[in-house]
Amino acid sequence: MSNYTIPTPKDRMMFVDVTPQGETPTYERVGKGFDSATPSTNTQTKVMQWLDEKNGSTALTTKSIQKAISGQRAVGDPFNDYFCSMFDKVGADAETTMILVDAWNQVEDTPGTYRAKKYNVVVDCTNDGGGAVADGLLIEGIIYVNGDPIEGTFVEETKTFTEGAVGA
């Protein structure tokens, strides 16, 4: 028996606030209709070389993180509906928050509560339903992360995030 976990895509959960203008967040899971979520970074580096060195050294200075998501239209799923409604939104209308939760990062002695990171994000739906007839209504877009994450815990049953450090 191994001492490690091999997670599947369903074990990395993304919850997005679908009522960003509301008084309290309404986090819905990115899931139904989506079959791909691919993270990437636009990494910035700085290369420094001193007069007494033959080769330079590279420092990683910043990352701009984004998650490309795609799938099919699933009318009635709260996140899928919200995502497609973002097709023509710009500026503050495209801003919300996202909670990233890894199922293997559960808080000890607290089933259903996970260590989590909350991000300010911009949701850019670039296709709200199009493509070949045989493929159904394909949708796609990018969730852009703004700034640093806030660490805390997330209770899956109530879909609530609490800011703050968590003990091991």
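How many of the six residues of strand β1 (residues 12-17) are buried? Five of them are, and the strand is mostly covered. The report below treats this strand and its partners within a predicted model.

## Overall architecture

The secondary structure of the protein consists of one helix and eight strands. In sequence order these elements follow the pattern β-β-β-β-α-β-β-β-β. The C-alpha trace spans about 65 × 45 × 40 Å along its principal axes.

Of the 168 residues in the protein, 28% count as buried. The protein exposes about 10,700 Å², and carbon and sulfur atoms supply 50% of that area. Among contacts with a separation of 6 or more, 59% are accounted for by residues 24 or more positions apart.

## Strand β1 and its partners

Strand β1 pairs with strand β5 (residues 95-106) in the antiparallel sense, over five bridges. Within this pairing, Arg-12 stands opposite Asp-102 in β5. Strand β1 also pairs with β2 in the antiparallel sense, over three bridges. Here Val-16 stands opposite Glu-28 in β2.

Asp-102 merits separate description. This residue lies in strand β5. Its relative accessible area is 13%, and because the limit for a buried residue is under 20%, Asp-102 is classed as buried. Leaving aside residues up to four places away in sequence, Asp-102 touches Asp-11, Arg-12 and Tyr-114. Arg-12 is thus both a contact of Asp-102 and the residue opposite Asp-102 in the strand pairing.

## Aromatic pairs

A pair of aromatic rings is described by the distance of the centres and the angle of the planes. A search of the whole structure finds six aromatic pairs. One of them joins Tyr-27 and Phe-154, with 6.3 Å from centre to centre and 85° between the planes, an edge-to-face arrangement. Tyr-27 belongs to strand β2 and Phe-154 to strand β7 (residues 138-155), so the pair ties together parts that are 127 residues apart in sequence. Tyr-27 and Phe-154 are both buried.

In the pair formed by Phe-34 and Phe-83, the ring centres are 5.4 Å apart and the planes stand at 85°, so this pair is edge-to-face. Because Phe-34 lies in strand β3 and Phe-83 in helix α1 (residues 78-85), the pair ties together parts that are 49 residues apart in sequence. Phe-34 and Phe-83 are both buried. One aromatic cluster is formed by Phe-34, Phe-79, Tyr-82 and Phe-83.

## Nonpolar cores

In soluble globular proteins, nonpolar side chains tend to be buried together. The largest nonpolar core of this model has 21 residues, and those with the most contacts inside it are Phe-79, Phe-83 and Met-98. The elements that give two or more residues to this core are β1, α1, β5, β6 (113-130) and β7. Another core lies apart from it and has nine residues, including Phe-15, Ala-116, Phe-154 and Phe-161.

Which residues does Phe-83 touch, not counting residues up to four places away in sequence? Its contacts are Phe-34, Ile-69, Val-123, Asp-124, Cys-125, Ile-139, Glu-140 and Gly-141.

## The hairpin of β7 and β8

Strand β7 pairs with strand β8 (residues 160-163) in the antiparallel sense, over four bridges. In this pairing, Thr-153 stands opposite Thr-162 in β8. The two strands form a hairpin with four residues between them. Lys-159, in the turn, has a positive phi of about 55°.

## Lys-32 in the loop between β2 and β3

Lys-32 lies in the loop between β2 (27-29) and β3 (34-48). Is this residue buried or exposed, at 61% relative accessibility? Because the limit for an exposed residue is over 50%, Lys-32 counts as exposed.

Lys-32 nevertheless has contacts: setting aside residues up to four places away in sequence, Lys-32 touches Ala-74, Asp-77 and Asn-80. The C-alpha atoms of Lys-32 and Thr-160 are separated by 20 Å, and the two residues are 128 residues apart along the chain.

How values were computed:
Residues are numbered from 1 along each chain as its sequence is written. This is a predicted model: local features need pLDDT of at least 70, side-chain atom pairs count only at pLDDT 80 or more; totals for chains, interfaces and linings use all residues. Side-chain values use heavy atoms; hydrogens and water are left out. Buried means under 20% relative accessible area, exposed over 50%, partly exposed in between (1.4 Å probe, protein chains only). Contact means heavy atoms within 4.5 Å. Two strands pair if DSSP finds at least two bridges between them. Rings of Phe, Tyr and Trp (its six-membered ring) pair if their centres lie within 6.5 Å; planes under 30 degrees apart count as stacked, over 60 as edge-to-face and the rest as tilted. A nonpolar core is a set of buried Ala, Val, Leu, Ile, Met, Phe, Trp, Tyr and Cys residues joined through side-chain atoms within 4.5 Å. Accessible areas come from the Shrake-Rupley method with a 1.4 Å probe; for residues, only the protein chains shown count as cover.
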